[in-house]
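Trainee: I should like to learn how to read the features of a structure that is new to me. May we take them in turn?

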Amino acid sequence: MSIEENSTLGALARWQAEVHAVDISLSESNELAITEDAEAVKLRLQSTHELAAQNHMRLREKQAEIEEELKQQAKKLELMAREMGRTLAPLEEKVALLQDGIAAVNLYVGRDESIELLRDGAPAPEEEPLTIRQTVLSMDEECAVNPEGGGIDSDSIWAFTDWLLSDEKQLNKVIPEPKSVVALRPRRKAKHYSDNPYENAARNQGNFDTYWLIRNGEKIFLMSTDFNLGVNVIPPPDEFTKMFISRWDGKPLQPGSKEWLLAEKQANARTRHYMKVALVLQGLIDRTPVLHPLPHPALSLLSDQHYEQGFVKLVTDNENAVESGRLPFDKWIQTLKSQVNTGERIIGYFPRDEDSPWAERPSAGVPYLVTKASGNGASRTITFSFDRKEEIWDEELREYRLPKRRASYSTDGWFNKFIPIDRVTVDEMQAYLDSRTERHAYADMFPIILAGIAFKQAEEEAEAPFQLLLKQKLQEAHVELTGSEAAKVIADVTVWFKTANKWHRALNTGDVDEAKAARMILREANRRVEHAANDQPVVDRLIADHPKAMFIGRSATGFVVIYPEPTEYPNLTTKCWVRRIDLTPKGTPKTDLRNQQVSAAQRARWIPVYTSSQADAWDVLTPMKECISDSDVRELIRGALAMLRENGLTPLRVQVERAPTYLNVSKTPLKAKCHAVGVTPVWNTLQMLTRFPGKPYLNQIDLWLLRRENEEQAVKSRYNDWSVEQDLWVLGGDCPQPPWLSGGFSTVGHWEDTDAVAGERSKVAVWESGHQAARELEGRVTRYVQGLDNSYYRQQLALARERFIADYGPAEQLWEGHLKTIEIPKSVGIDRHDYNPIQWVLMNAVQRGVDLAGLTLQEASQKVGDLDTVITPERWMAPVTERKAEPIPEEYLQLTIEPVAD
């Protein structure tokens, strides 16, 4: 046998030849003779059909053999490819390492290196060590160039270098050491250029390239290579050890395990990465005079001795940054924004409203006075007015002019960038500016912070002569005070003067009478100095007498002690109710008032002498008409109970919850979820009762609390109206929880009729038991239906076989193939909810406990008896209704109910 005949291709060619021969044979035998009678024609066609089918089966078998042979050949080729891959893998790894080594050498020799001299001058002294900083900085975070355009990018690096060289302070902030190297990249985050993601990705590639800023005395260089560093020049101490710790359970990896070997490869790759960093800088030292004169003639970044001898210094500013104890910038600024109140000033950047982009927007970096503040937390909304500078068309004058009215602008603290300027100090803002680890959080607010610092400094400078005069007056009255002590008292009282009223005021504006302001500030300063000297014994006694107080302060007429008001419902959202005790200067109680609220302005007038940690959660922003108390919860429960009973419902439980956060809390602070028993005339109740008769059900009613629009009425009667939403709760449905499963994190308080709830729970337990029994009954009916379907399928299969033999003769080998071309009905078509006579017989038999397995439908019908036997509805899950007697169709009578296992 030849190689060709033994091959897969040879077998395929022979198969094609056989197909062609069969086709010719069938064509010759398929001709009709006009003289033949019909029966002879049918017999000849049956014979031809049988021959064609046999040839078809033979060719199909041959085709299957060839397909199997092709599969085997494919498996062999796949195994060969895998074996070749395993053989080539070590070689590919070696090639990759060699390529990596070539790339490292190219970095050392500076093949793709570019060095630009930004500034010339005298180099640093020879003895000055070379300093290398760990962190890769971002140019857009270091400077505030083009904030409106999203900051600088790889196309505007010149803007960063211009900014860097424009001021020596800015240069020292980025690269302070006389002989040092700092790595930078244009941006830390991607910039939005286009809505096309591919274009956006392509244009952002250059924003993450690495640049080297090199300083040698007065000389400044900028170097670029084709090597990107990532985030660090020097590896953090735990970078390599973390690779050998499981990220799933935090445990060390098992040596020799698959994960350990993978970690070893990663560690080797990172080692080579940092070696390339060293080669970039070593090549700069060996090939160029950029860093000359060197502290050592043969300075080597690969020599441990040169680090120990101080020739090279590493500044690992990431992990060794001193903790300031300050909040992260984003949390700090959001906390301030959530506390902004009416009368305070803000500075920010306010974009145009998307709904009205043609409208003028407020100027950036300018202080504005808040005229309204509402809402809580990050959703707190503030409103302010501003002078409009864009001219408008005057139809009467037929010319453009400046608007006469001021415009209004509303914003929230979540999406917009602003600083509550009255709540921050220059030192705080400067501390965040100086914190390089926080810059990623405020990069887009850089110009706003700078504007805030400039505004505060200008205000302090304008007030300095005034405060100096007041300090001198205070020292004349209290000679025991030093200059620094007197300055601190005047500074604190000046802040008090500005912020103690609802509308904050500045000293350097024409809105304030300076003589009056001086008298008020000096009076308050003298009072504080005198109190500080004389009140300490009283303060010590008050702290001892009120250990659970959250605040003790000195007021103008004595002392004030504040306790958090205890509540029956501790989950209330607002913490604004307090107990206030006013005392004389000697500490004698005057008044003791409960359920009080203290505003921010009131608190600003008191001199704190003791503050507990609870005071941090003290709500001084929420208006009194929006604060919720225990009496409010009780009133809501009483109103809900009355409403349920008026509508003929029996209350089970009233659960008061906090309103959803997406609603305006000033209008709907609380929500009552009520469970009751009864029937309400609503369409969904009637509909559900029709579908689920006899089931226990409960009505859940949500009551929404609305406030009166009139503020005076709100003080007398805090609630206005009830709005009702009703949903039927049905056991087993996808509906709200029953009262005995209610509760949760949003629950404030509740009322419950425990006996009624227990009664309903027992009813439901009884129903659940019946429900389970009904499921078992219907399961038995389903099995009988399945037995009928099996019998029906066999019957239809036999009929199809008879028709096949009549058409094609007893060609057994063709039956299986023919069966695939026809569709045999497999089911009688009995639906669970289709109460035809067959279903009726089966349900009667199951309810009576009659075993129908092995009987025909006719025998089953006779055994069950009268077809109009009433079925007990409550024993079935689905509804059962009266029906007239209907006979079972004759074609189904002889069907056998075959046994089916559970």
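**Reading helix faces, sheets and cores**

Mentor: Let us begin with the outward face of a helix: the side of helix 17 turned away from its buried residues carries the exposed Pro-537 and Ala-544. Buried means under 20% relative accessible area, exposed over 50%, and partly exposed in between (1.4 Å probe, protein chains only). Helices (H or I, at least four residues) and strands (E, at least two) are DSSP runs numbered from the N terminus.

Mentor: This is a predicted model, in which local features need pLDDT of at least 70 and side-chain atom pairs count only at pLDDT 80 or more, while totals for chains, interfaces and linings use all residues. Residues are numbered from 1 along each chain as its sequence is written, and side-chain values use heavy atoms, with hydrogens and water left out.

Trainee: Which residues of helix 17 are buried?

Mentor: In helix 17 (residues 536-545), they are Val-538, Val-539 and Leu-542. Seen down the helix axis, these buried residues fall within an arc of 100° (taken from the directions from the axis to the C-beta atoms), so they line one face of helix 17.

Trainee: How is the order of strands in a sheet read?

Mentor: Two strands pair if DSSP finds at least two bridges between them. Here an open sheet of 5 strands runs 13-10-9-8-14 with antiparallel pairing. Its edge strands, 13 (407-412) and 14 (417-420), each pair on one side only.

Trainee: How many bridges join strand 9 and strand 10?

Mentor: Strand 9 (residues 368-374) and strand 10 (residues 381-386) pair over 4 bridges; Lys-372 has Thr-383 in strand 10 as its bridge partner.
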